[in-house]
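Here is a short, friendly walk through one protein model. Have the viewer open as you read along.

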Amino acid sequence: MRGYPGLNSFNRSSESAAMLASFEADGAIFVTDFLSASGCASLAETIKRMTVAHSAGGKDTRRFWKRFHGEKTTRFTGIGRHTDVFFDLLEDPVLGKLADQVLSGGGTHYWMNTCQAMVIGPGEPAQVLHRDGQNWATVQAALWPKSPELTISMMVALDEVWPELGATQVAPGSHRWADFERRPVPGEVEAGAFRAGDALIYSGALLHGGGANETVDQIRWALHLSFVVGWLTPEEAITEEYPSTLLKGRSERVKRLLGHTSYEGPPAQGGRLWLKNFDHWQSSD
Ligand SMILES: O=C(O)CCC(=O)C(=O)O
């Protein structure tokens with residue numbers, strides 16, 4: 001098996017309308033060979049090298065965050081400081097088109113939420129199932145089931161990943177459940193199988209979580225990239241991680257995704273945000 005039993009699989013040449021229809025119906029899609037072989041090899045080499053400089057487990061000692069992070073899981077951001085593949089991902093037309101459509105209710109100006117290595121070590125238990133929109137639970141939970149799409153996420157495998165290695169678990173359809181508090185029964189959760197470069201793209205309303213790494217000596221290598229509507233604060237301190245001096249010569253899209261342009265709400269609905277002198281601002285680099 002390659003992909004998820006309950007999700008439709010696509011490739012980069014698939015019709016974007018079909019991808020969107022499946023995304024809306026199931027809450028996620030699987031894209032084979034999302035990364036080219038060379039892009040994946042280069043990104044994997046960078047992430048593996050960077051991992052050596054980080055330790056497993058987070059610094060937050062609160063029980064919830066220790067478990068959510070994973071004590072045997074290594075996470076780090078700042079990927080774009082080490083590889084240009086990061087910028088290719090921000091410019092990726094397949095992900096970009098889907099994100100434009102999914103997040104359009106929040107205006108065209110969405111941000112990068114985070115780009116984060118998620119490296120699950122042997123013996124890590126499964127992560128609690130959650131919705132990425134719970135980062136902004138006061139919006140998502142309060143408006144459920146009518147919450148707008150707040151965020152769209154992608155997990156891309158940097159090496160082969162399978163269920164027992166900790167492939168992301170999902171509950172297809174849970175983005176549409178009437179009751180926000182409902183938890184899946186066992187048959188409603190599934191994990192997939194990825195070849196290096198395959199990607200899972202999922203809604204911020206979909207219940208999902210990292211799977212248990214049941215191996216004794218193998219590592220799940222994966223990268224998470226997500227976008228969030230421009231009127232919410234991203235998870236990652238993106239302008240700190242990517243100051244304007246690092247973005248010289250980069251495209252308008254990259255600068256916007258990384259917080260170097262003011263936010264414009266949907267026409268005649270939202271305000272203008274992230275201003276300077278009550279006017280639109282754009283970094284001058
Ligand atoms: O590691 C995974 O597969 C998913 C992780 C995740 O959903 C998260 O940390 O928000």
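Residues 24 or more positions apart make up 76% of the contacts in the protein with a separation of 6 or more, a contact being two C-beta atoms, placed from the backbone, within 7 Å. This is a predicted model, in which local features need pLDDT of at least 70, side-chain atom pairs count only at pLDDT 80 or more, and totals for chains, interfaces and linings use all residues. Residues are numbered from 1 along each chain as its sequence is written.

Here are the overall figures.

| Property | Value |
|---|---|
| Box of C-alpha atoms along the principal axes | roughly 55 × 45 × 45 Å |
| Share of the 285 residues that count as buried | 40% |

Buried here means 20 or more other C-beta atoms within 10 Å of the residue's own.

Now to the interior. The largest nonpolar core (buried Ala, Val, Leu, Ile, Met, Phe, Trp, Tyr and Cys residues joined through C-beta atoms within 7 Å) has 69 residues, and Ala-28, Val-156, Leu-158, Ile-201 and Ala-222 have the most contacts inside it. Elements giving two or more residues to this core include α2 (37–51), β5 (151–157) and β10 (220–228). The largest share, 7 residues, comes from β4; strands are DSSP runs of E, at least two residues long, and helices are runs of H or I, at least four, both numbered from the N terminus. Leaving aside residues up to four places away in sequence, Leu-158 touches several residues, among them Cys-40, Leu-43, Trp-221 and Ala-222.

Finally, which residues surround the ligand? They are Met-118, Gln-127, Asp-132, Met-155, Thr-168, His-208, Gly-209 and Gly-210, where near means a C-beta atom, placed from the backbone, within 6 Å.

Definitions and conventions: A residue is buried if 20 or more other C-beta atoms lie within 10 Å of its own, exposed if 12 or fewer, and partly exposed in between; C-beta atoms are placed from the backbone.
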